[in-house]
Amino acid sequence: MAGDPTPTGPPDEAAGPGDALPGATAGAPPAPGPAPDPTPAVASPGPDDALLAVRAAEGDEEAFAVLVRRHAPGLVRLATRLVGNGPEAEDTVQEAFISAWRTLPEFRGHASFSTWLYRIVTNRCLNVLRARKPQEPLEAAGAVAAPEHTVSPGRIAEARAAVSELHEALGGLSAEQRTCWVLREWDGQSYAFIAETVGISQQAVRARVFRARRHLTNALGAWR
Amino acid sequence: MTTRIHPPDAPPPHEPDDERLPCGRLLSQVWTDWEEGVTDAHRQRCPHCRAAVADLEQLETAVRALRDGAADGAAGADAADGAAAGGPGEAGAGSTASRDADIAARLTGRVMDLVRRELRPGRPLPLGEAGEDLWIMESVAARPLRAAAEEVPGVRAGSCRIAPAGTAGPAQVTVAGRPVRPTRVTVRLEIHAPLATPDLPRLAERVRRHVQAAADRHLGLDVAGVDILVTDLIDEPDSGEKGHGR
């Protein structure tokens, strides 16, 4: 069974208007808002992901180690955005890699390896969020002050306060809202991609992102 | 800037959180339009729509501050003023790379410790003569064969399956308690070849010879045949540096 080993994008399922399907490069939407995350693309030297994934699927653990090393930082950043700082983010990524090792023989390269991993991590983070008690305050990722070079001094305090508010308001989102919103707003993923990743309809993703935005803008508005 | 009527197949979600602005438009639609870069004369004039967009833009700014801060450490900003949570984001731009390296090293160590407890070595393959009881696991044998293929400049090796010749699965026939095993194996190797290869059959033949030689001399496998499958042609500018010797 010599299937086409060329990795293709995720199966095209009813992409809505304006929804860029993420290919192997996890593209950013054409939206004016979210900028794509500077997650390192696979540019490191050595065999590409697809080849390494094939080798790892055939039991070559050294090939798998290269993949882990290559993708760990970006995935930890993703997990940190979803579940917050702390050991949970790294633990989740670790479990995702173990799960990937076990299921690699069934991975047929329908999506790129990085997209596949992205999905595994996202879904595991979603489960972590769901398991949390409601209203437990969540630590937002990388709580920092706003960069000064982009705004006038007068707006720095404003931006900082907004960041701090945002930080707190994230804790008020449901697991699904937070996940959809983070993937959309922070990672710049298309609605089609998020729908496929989380396993819900695009309409449901849009509704969750909307509710999250509603909640978060209200929280920022309360400060303003 | 595109101007168009609201997409007919993306009706605004009817949900409790939505809000009809005083101008009659739904908040969800105003935000969707903003996100998709759609605008019209009303949107540009209407104070309600503009305020709604301003709210979202403020949120975007805060998100960007969080994201960029986490990425480049917000050089010069007073990190202590940020918020309670420490950790990533407080360090300067210079340490982002080293933090990534730390994460990669730590996680690779932890993951590989676990992976090595559940290896998938593949099937055992006969080594040496028929009477001997020497075996090598497929995944172990595959590694030097891939490496041999990659000695040909620009070639990248992927799948490498090694199977007893003429049988579908591992040899399990036994006579008087001893396995009677076919010693011959066949190798099926998939490679990516450089796009610029002038003579693909010749390249494949070179790869085949490298693999055959490694199997014979290095491993001592009794190779009945080596099948080379070119599964991709790659445009690799630095292909020359891969060829060691030969």
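**Figure 1. The hairpin of strand 1 and strand 2 of chain B in this predicted model.** Strand 1 of chain B, made of residues 124–127, and strand 2 of chain B, made of residues 134–137, run antiparallel and are joined by four bridges. Within this pairing, Leu127(B) stands opposite Leu134(B), which belongs to strand 2 of chain B. Six residues lie between the strands of the hairpin, and in this hairpin Gly128(B) takes a positive phi near 80°.

**Figure 2. The open sheet of strands 3, 6 and 7 in chain B.** Three strands make up this open sheet, which has the order 3-6-7 and mixed pairing. Strand 3 (156–164) and strand 7 (222–234) of chain B are the edge strands, since each of them pairs on one side only. From one strand to the next, the twist averages 15°. Seven bridges link strand 3 of chain B with strand 6 of chain B (residues 184–194), and these two strands pair in the antiparallel sense. As one detail of this view, Ile162(B) stands opposite Val187(B), a residue of strand 6 of chain B. In a regular strand, side chains alternate between the two faces of the sheet.

**Figure 3. Two helices, from chain A and chain B, that meet strands of chain B.** Helix 1 of chain A, residues 49–57, lies across strand 3 and strand 6 of chain B, and runs at about 20° to strand 3 of chain B. Helix 6 of chain B, residues 200–219, packs on the sheet and touches strand 6 and strand 7 of chain B. The direction of helix 6 of chain B makes about 140° with that of strand 7 of chain B.

**Figure 4. The largest nonpolar core and the surroundings of Val93(A).** This core has 75 residues, and those with the most contacts inside it are Ala79(A), Val93(A) and Val121(A). Helix 2 of chain A (residues 61–83) gives the most to this core, contributing eleven residues. When neighbours within four places in sequence are left aside, Val93(A) is in contact with Ala72(A), Leu75(A), Val76(A), Ala79(A) and Val121(A), and also with Leu107(B) from chain B. Another core, of 27 residues, lies apart from the largest one, and among its members are Ile136(B), Ala204(B), Ala215(B) and Val226(B).

**Figure 5. Helix 2 of chain A packed with helix 3 of chain A.** The axes of helix 2 of chain A and helix 3 of chain A (residues 87–103) are 8 Å apart, and the two helices pack at an angle of about 135°. Because of this angle, helix 2 of chain A is oblique to helix 3 of chain A. Their crossing is right-handed. Residues of helix 2 of chain A at this meeting include Phe64(A), Val68(A) and Thr80(A), while those of helix 3 of chain A include Glu88(A), Phe97(A) and Trp101(A).

**Figure 6. Helix 2 of chain A packed with helix 4 of chain A.** Here the helices pack at an angle of about 35°, and the axis of helix 2 of chain A and that of helix 4 of chain A (residues 113–131) are 10 Å apart. This crossing, too, is right-handed. Among the residues that meet are Leu67(A), His71(A) and Leu82(A) in helix 2 of chain A, and Phe113(A), Tyr118(A) and Cys125(A) in helix 4 of chain A.

**Figure 7. The mostly covered helix 7 of chain A.** Of the eight residues in this helix (residues 191–198), seven are buried, including Tyr191(A), Phe193(A), Ile194(A) and Glu196(A). Helix 7 of chain A is followed by Gly199(A), which has a positive phi near 85°.

Methods: Residues numbered from 1 in each chain as written. Chains lettered and ligands numbered in written order. Predicted model: local features only at pLDDT ≥ 70, side-chain atom pairs only at ≥ 80, totals over all residues. Pairing = 2+ DSSP bridges. Core = buried A, V, L, I, M, F, W, Y, C linked by C-beta atoms within 7 Å. Buried ≥ 20, exposed ≤ 12 C-beta atoms within 10 Å, placed from the backbone. Contact = placed C-beta atoms within 7 Å. Axes fitted to C-alpha atoms, helices over the stretch in contact; angles between N-to-C directions. Parallel < 35°, antiparallel > 145°, perpendicular 65-115°, else oblique. Left-handed = near helix turned anticlockwise from the far one by under 90°.
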